[in-house]
Amino acid sequence: MDLQIAGKKALMAGGSAGMGRATAERLAEAGVELYISARREERLVRAAKEIAETYGATVIPIVADSSTDAGRATLFEACPDPDIVAITIKPPAPNGDFLQVTPEMWRESIETTLLGPIEIMRHYIPHMKDQGWGRLLNIGTFSAKNPMIWRLMSGPARSALINYTASVSREIAQYGVNINNILPGMFATEGSEENAMAYADAFGLEHDHEVIAEHFQQHNKIPAGFAAIADDMAPMAALLCSPLSRYIVGQNIVIDGGQHYSLF
Ligand SMILES: NC(=O)c1ccc[n+]([C@@H]2O[C@H](COP(=O)([O-])OP(=O)(O)OC[C@H]3O[C@@H](n4cnc5c(N)ncnc54)[C@H](OP(=O)(O)O)[C@@H]3O)[C@@H](O)[C@H]2O)c1
């Protein structure tokens with residue numbers, strides 16, 4: 001399928017690993033000029049080089065933290081006029097006892113998972129409106145719709161994000177600018193691997209990968225029968241970043257192997 005985005009400029013904020021990288025690869029494969037950002041430089045530069053070599057694409061790495069004003073300023077300067085902006089972050093670590101969640105933890109969650117994406121979208125929307133076309137995509141979490149007691153640092157702020165995008169997307173669709181969200185369930189990524197020990201701590205488990213995996217299986221009944229890999233969501237992400245999605249406005253696409261049981 002021709003995504004009709006060859007020659008467009010695409011920014012994947014959070015593009016050096018996991019679902020951000022998989023999305024970046026599908027966009028590069030479709031012929032965009034690609035900008036990818038992340039906080040950790042070494043992995044970012046390596047990802048940019050690998051994607052450029054694999055797809056013959058132009059890939060510009062930008063070291064920038066999407067959750068800070070300074071990081072976003074760096075992003076905006078390095079990539080001033082993208083046609084496509086996709087945004088993600090590392091999954092926040094699981095919280096333990098909800099009574100131990102402090103105001104500082106809430107502030108960090110909100111800065112990272114809510115304000116970062118909102119401020120990035122707010123910056124780029126006027127340019128997209130002016131040019132009469134744009135695509136904005138958030139890679140959030142299914143716990144925005146499916147509350148989980150151990151995902152308090154991830155779900156509640158993303159519920160607010162999809163509330164915000166539900167409204168803003170209806171304001172800007174008339175200009176050819178669409179916002180949608182992908183809400184992933186359980187994916188085996190670099191980020192989930194980095195959280196494995198925090199998951200063990202949240203449930204009082206031994207720091208043992210087999211114990212963690214077994215607990216995870218028992219507590220996450222996934223009808224599809226497996227935890228996904230990032231490529232299980234990237235084709236949908238690329239579609240939502242293309243002109244082919246012109247009638248898809250303000251939607252939340254859950255990709256979770258059927259784990260979240262709901263009609264809508
Ligand atoms: N994996 C899962 O099972 C799962 C489940 C539900 C929801 N999700 C959601 O899916 C999204 C992607 O998760 P993932 O597992 O693909 O993560 P990942 O493997 O950790 O990849 C995240 C990417 O974003 C970058 N990043 C993280 N924080 C950033 C920041 N503040 N500013 C700029 N770049 C940042 C990371 O690089 P640096 O760390 O170097 O910055 C990396 O390139 C997240 O929103 C997560 O909450 C994941």
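## Contacts and cysteines in a predicted model

D130 is found in helix 4, which spans residues 103-131. The model is predicted. D130 is exposed, with a relative accessible area of 71%. Its C-alpha atom is separated from that of Y175 by 8.1 Å. Along the chain, D130 and Y175 are 45 residues apart.

### Aromatic pairs

How many aromatic pairs are there by the rule of ring centres within 6.5 Å? The count comes to 5 aromatic pairs. One of them joins F76 and Y124. Another joins W150 and Y199. The table sets out these two.

| Pair | Centre to centre | Angle between planes | Arrangement | Separation along the chain |
|---|---|---|---|---|
| F76 and Y124 | F76–Y124: 5.3 Å | F76–Y124: 85° | edge-to-face | F76–Y124: 48 residues |
| W150 and Y199 | W150–Y199: 5.1 Å | W150–Y199: 85° | edge-to-face | W150–Y199: 49 residues |

The F76 and Y124 pair links distant parts of the chain. F76 lies in helix 3, residues 69-78. Y124 lies in helix 4, the helix that holds D130. Both F76 and Y124 are buried.

The W150 and Y199 pair also links distant parts of the chain. W150 sits in the loop between strand 5 (134-139) and helix 5 (155-172). Y199 sits in helix 7, residues 196-202. Are these two residues buried or exposed? W150 has a relative accessible area of 12%, so W150 is buried. Y199 counts as buried because its relative accessibility is 5%.

W150 and Y199 belong to one aromatic cluster, together with F203 and F216.

### A lysine over a ring

K8 lies over the face of W133. The distance from K8 to the ring centre is 4.3 Å.

### Cysteines without a disulfide

How many disulfides does a search of the whole structure find? The search finds 0 disulfides. C79 is in no disulfide, and the nearest cysteine sulfur, that of C241, is 13 Å away. Why is there no bond between C241 and C79? A disulfide needs two cysteine sulfur atoms within 2.5 Å. The sulfur of C241 has its closest cysteine sulfur in C79, at 13 Å, so the two are too far apart for a bond.

Where do these cysteines stand in terms of exposure, buried or exposed? C79 is buried, with a relative accessible area of 0%. C241 counts as buried because its relative accessibility is 0%.

Definitions and conventions. Residues are numbered from 1 along each chain as its sequence is written. This is a predicted model: local features need pLDDT of at least 70, side-chain atom pairs count only at pLDDT 80 or more; totals for chains, interfaces and linings use all residues. Side-chain values use heavy atoms; hydrogens and water are left out. Helices (H or I, at least four residues) and strands (E, at least two) are DSSP runs, numbered from the N terminus. Buried means under 20% relative accessible area, exposed over 50%, partly exposed in between (1.4 Å probe, protein chains only). Rings of Phe, Tyr and Trp (its six-membered ring) pair if their centres lie within 6.5 Å; planes under 30 degrees apart count as stacked, over 60 as edge-to-face and the rest as tilted. A charge sits over a ring if NZ of Lys or CZ of Arg is within 6 Å of the ring centre and within 35 degrees of the ring normal.
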